[in-house]
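Trainee: I am new to this structure and would like a close look at a single part of it. Could you walk me through the strands that pair one after another towards the end of the chain, and the pockets and charged pairs around them?

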Amino acid sequence: MKNLIFSLVALFCAVLPSFAQNALNDSPDNIVGTYYAVQSGNESKVKISKAADGSYSARIIWVKNSVDPATGKKYTDVKNPNRALRDTPCDQIQVFWGLKYNADKKCWMNGKIYDPTRGLNANCNVEFAADGRLKIRGQVMGIGETVYWKKL
């Protein structure tokens with residue numbers, strides 16, 4: 001009897017993460033919310049919202065250590081390839097846009113992502129990992145990086 005109970009508990013623990021991941025990926029609007037992110041040692045909070053056209057975008061809303069101690073001024077997006085955006089305060093940078101939910105694949109696809117620490121734009125796909133964190137994959141010409149954000 002103990003072996004049966006142990007086997008059932010072990011099976012439940014093994015299967016539960018995949019159910020949780022599928023549930024998070026099942027609804028397009030589950031992505032909406034505020035997330036904690038760390039990129040190149042920089043801590044921030046990012047808000048994901050849904051646009052009128054049904055796509056999803058993300059904007060930084062808080063950055064730890066956002067003020068230059070030498071000048072007392074907020075850091076700006078100095079590495080942005082678009083010169084018109086280089087004066088954007090670090091806590092207002094748009095980091096991805098244009099993500100569309102793919103119901104067949106149960107993920108958000110075909111968006112663009114911007115890495116302000118390097119000044120790079122890339123293609124982007126997003127899904128929830130088994131542990132509930134948001135898995136963001138950026139890729140340029142076959143070279144990519146995956147980061148994880150925790151929903152707050």
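Mentor: Happy to! Let's start with strand E5, residues 107-115, and strand E6, residues 120-128, which run antiparallel to each other and pair over six bridges. Please keep in mind that this is a predicted model. To find your place in the pairing, look for Gly111, whose bridge partner in E6 is Cys124. Four residues separate E5 from E6, and the two strands form a hairpin. In that turn sits Gly119, with a positive phi of about 70°.

Now follow the chain onwards. E6 also pairs with strand E7, residues 134-140, again in the antiparallel sense and over six bridges. A good marker here is Asn123, which stands opposite Gln139 in E7. E6 and E7 make a hairpin too, with five residues between them. The turn of this hairpin holds Gly132, which has a positive phi of about 95°. A general point helps when you look at such strands: side chains in a regular strand alternate between the two faces of the sheet.

Next, the pockets. The second largest pocket holds about 200 Å³ of space. It is lined by 14 residues, and those closest to its centre are Cys124, Asn125, Val126, Arg137 and Gln139. You have met Cys124 already, as the bridge partner of Gly111, and Gln139, as the residue opposite Asn123. E5, E6 and E7 are the elements that each give two or more residues to this lining, and E6 provides the largest share, with five residues. By type, the lining of this second largest pocket splits into six nonpolar, four polar and four charged residues.

The largest pocket has about 910 Å³ of space. Its lining counts 40 residues, and the ones closest to the centre are Gln39, Asp115, Pro116, Thr117 and Arg118. E5, E6 and E7 each give two or more residues to this lining, as do strands E1 (33-39), E2 (42-50), E3 (56-63) and E8 (143-151). The lining of the largest pocket is made up of 20 nonpolar, 12 polar and eight charged residues.

That brings us to the charged pairs. In general, side chains of opposite charge can pair when their charged atoms come close. The model has seven salt bridges in total. Two of the residues closest to the centre of the largest pocket, Asp115 and Arg118, belong to a network of salt bridges together with Glu145.

A further salt bridge joins Lys135 to Glu127, with the closest N and O atoms 3.9 Å apart. Lys135 is partly exposed, at a relative accessible area of 27%, and Glu127 counts as partly exposed at 27% relative accessibility.

For a look beyond the hairpins, try Asp91 and Lys74, whose closest N and O atoms are 2.6 Å apart in their salt bridge. Both residues sit in the loop between E3 and strand E4 (94-102), and they are 17 residues apart along the chain. How does burial compare within this pair, buried or partly exposed? Asp91 has 16% relative accessibility, and because buried means under 20%, Asp91 counts as buried. Lys74, at 39%, is partly exposed.

Conventions: Residues are numbered from 1 along each chain as its sequence is written. This is a predicted model: local features need pLDDT of at least 70, side-chain atom pairs count only at pLDDT 80 or more; totals for chains, interfaces and linings use all residues. Side-chain values use heavy atoms; hydrogens and water are left out. Two strands pair if DSSP finds at least two bridges between them. On a 1 Å grid over the protein atoms alone, a cavity is a set of points where a 1.4 Å probe fits but cannot get out, and a pocket is an open set with protein on both sides within 12 Å along at least five of seven lines; lining residues have an atom within 4 Å of a point. Grid points are joined across faces, edges and corners, and a volume is the space filled by probe spheres set on the points. Ala, Val, Leu, Ile, Met, Phe, Trp, Tyr, Cys and Pro count as nonpolar, Asp, Glu, Lys and Arg as charged, and the others, Gly among them, as polar. A salt bridge is a side-chain nitrogen of Lys or Arg within 4 Å of a carboxyl oxygen of Asp or Glu. Buried means under 20% relative accessible area, exposed over 50%, partly exposed in between (1.4 Å probe, protein chains only).
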